[in-house]
Amino acid sequence: LISPPDQKIPRNALVTQFHVLFQYPDRVKGVCLLNEQVVFDDVYDTHHGNIVGIAHDQIKNVYWAFTDYAVFRYKVVDESRHIWRIYLEQGQFELATKHSANQPDALDLILTKQAEKL
């Protein structure tokens, strides 16, 4: 997970099951660990001040970003809901199937792609 040359080095990082949250002075960026795609990039307005830290509440599974003048909350909701799609793209059908629970359309697509591969 290399930062582009025009991007500053993160000041802090927190790892979830499938993502990493990077703290920069002016933003929080979420990157998927499986395919290194940026899933969000929240840029904070300068009137909030610089981001001085991020923290994780393990009991409530909430992440907090705090600036000089404000606090922002990131709530993780069903983090794995789209992970099956990444595993499918990578041809990892067993893992895709495992993460497609309660999604019959996803399971159908996985089995179809797996059959086409045979």
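This report describes a predicted model of a protein, from its overall fold to its nonpolar cores.

## Fold and dimensions

The protein contains seven strands and three helices. Read from the N terminus, its elements follow the order β-β-β-β-β-β-β-α-α-α.

Along the principal axes, the C-alpha atoms fill a box of roughly 55 × 35 × 20 Å. The radius of gyration is 17 Å, whereas a compact globule of 118 residues would have one near 13 Å. Of the contacts between residues at least 6 apart in sequence, 26% link residues at least 24 apart.

## Surface and charge

About 7900 Å² of the protein is exposed, and 52% of that area comes from carbon and sulfur atoms. Buried residues account for 33% of the 118.

The side chains include 15 negative and 12 positive ones, and the centres of these two sets are 3 Å apart.

## Nonpolar cores

In soluble globular proteins, nonpolar side chains tend to be buried together. The largest nonpolar core here has eleven residues: Phe-18, Cys-32, Ile-83, Trp-84, Ile-86, Tyr-87, Leu-88, Phe-93, Ala-96, Ala-106 and Ile-110. Helices H1 (83–89), H2 (93–98) and H3 (104–117) are the elements that each give two or more residues to this core. H1 supplies the largest share, five residues.

Trp-84 is one of the residues of this core. Apart from neighbours within four places in sequence, Trp-84 is in contact with Ala-96, His-99, Ser-100, Gln-103, Ala-106, Leu-109 and Ile-110. A second core, separate from the largest, has nine residues, among them Leu-14, Tyr-44, Ile-54 and Tyr-74.

Technical notes. Residues numbered from 1 in each chain as written. Predicted model: local features only at pLDDT ≥ 70, side-chain atom pairs only at ≥ 80, totals over all residues. Heavy atoms only, no water. Core = buried A, V, L, I, M, F, W, Y, C linked by side-chain atoms within 4.5 Å. Buried < 20%, exposed > 50% of the residue type's maximum accessible area, 1.4 Å probe, protein only. Helix = DSSP H or I, 4+ residues; strand = E, 2+ residues; numbered from the N terminus. Contact = heavy atoms within 4.5 Å. Rg over C-alpha atoms; globule rule 2.2 N^0.38 Å. Areas by Shrake-Rupley, 256 points an atom, 1.4 Å probe, with all protein chains shown as cover. Lys, Arg positive; Asp, Glu negative; His and termini not counted. Charge placed at Lys NZ, Arg CZ, Asp CG, Glu CD.
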